[in-house]
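Subject: Structure for your files, with notes

Hello,

Here is the structure I said I would pass on. My notes on it follow below the display.

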Amino acid sequence: MSRRSNQEDEVRRLLEGPHPQVPADLARRAAARGGALLRLGRLARRFLLLVAFAAVVAFTVWAVTARPWQPPPAATTPVGGW
């Protein structure tokens, strides 16, 4: 017998055997856990959006005050007539 037929036979034996009892409140617990995970994901997305917004505001304030696009002032004054 090949390995594949052995695995198929084992799966068939498992499926034909007695099925375990499912807890009565399984669906309620699964729904509660799923709702909690959805709320956690929503909270994480809101937090990341808040952090991104704060980063954009901080960068904008820095750019307005530092003005990195302007050349720095010269350290010495140019001498005339050269």
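Where is the place of Arg 46? Arg 46 sits in helix 2. Please keep in mind that this is a predicted model, and that the values below are computed from it.

Overall form

The chain contains two helices and zero strands. Its radius of gyration is 34 Å, whereas the globule rule gives 12 Å for 82 residues, so the chain is more spread out than a compact globule. The C-alpha trace spans about 100 × 40 × 10 Å along its principal axes. Of the 82 residues, 2% count as buried. The chain exposes about 8200 Å², and carbon and sulfur atoms supply 66% of that area.

Helix 2

Helix 2 covers residues 26-66. One distance gives an idea of its reach: Thr 65 lies in this helix, and its C-alpha atom is 53 Å from that of Ala 30. These two residues are 35 residues apart along the chain. Thr 65 has a relative accessible area of 61%, and it counts as exposed because the cut-off for that class is over 50%.

Just past the helix there is a backbone detail to look at. Arg 67 is found in the segment after helix 2. Arg 67 has a positive phi of about 45°, although it is not a glycine. With a relative accessible area of 42%, Arg 67 is partly exposed.

Surface patches

Two patches came up on the surface, one nonpolar and one of positive charge. The nonpolar patch is formed by Leu 37, Leu 40 and Leu 43. Together these leucines have about 330 Å² of accessible area. Leu 40 is found in helix 2, and at 55% relative accessibility it counts as exposed.

The positive patch gathers Arg 39, Arg 42, Arg 45 and Arg 46. Among them, Arg 46 is exposed, with a relative accessible area of 59%.

Charges and salt bridges

The chain has 12 positive and 5 negative side chains. The centres of the two sets lie 23 Å apart.

How many salt bridges does a search of the whole structure find? The search finds two. Side chains of opposite charge can pair when their charged atoms come close. Asp 25 forms a salt bridge with Arg 28, where the closest N and O atoms are 3.1 Å apart. Asp 25 also forms a salt bridge with Arg 29, and there the closest N and O atoms are 3.3 Å apart. Salt bridges that share partners thus join Asp 25, Arg 28 and Arg 29 into one network.

Are the members of this network buried or exposed? Arg 28 is exposed, at 56% relative accessible area. Asp 25 is partly exposed, at 27%, and Arg 29 is partly exposed as well, at 42%.

If you open the model, these are the places to start: the leucine patch formed by Leu 37, Leu 40 and Leu 43, the arginine patch that includes Arg 46, the network of Asp 25, Arg 28 and Arg 29, and the positive phi at Arg 67.

Regards

Note on methods:
Residues numbered from 1 in each chain as written. Predicted model: local features only at pLDDT ≥ 70, side-chain atom pairs only at ≥ 80, totals over all residues. Heavy atoms only, no water. Patch = residues over 30% accessible without salt bridge, like charges linked within 9 Å, V, L, I, M, F, W, Y side chains within 5 Å. Areas by Shrake-Rupley, 256 points an atom, 1.4 Å probe, with all protein chains shown as cover. Salt bridge = Lys/Arg side-chain N within 4 Å of Asp/Glu carboxyl O. Helix = DSSP H or I, 4+ residues; strand = E, 2+ residues; numbered from the N terminus. Buried < 20%, exposed > 50% of the residue type's maximum accessible area, 1.4 Å probe, protein only. Lys, Arg positive; Asp, Glu negative; His and termini not counted. Charge placed at Lys NZ, Arg CZ, Asp CG, Glu CD. Rg over C-alpha atoms; globule rule 2.2 N^0.38 Å.
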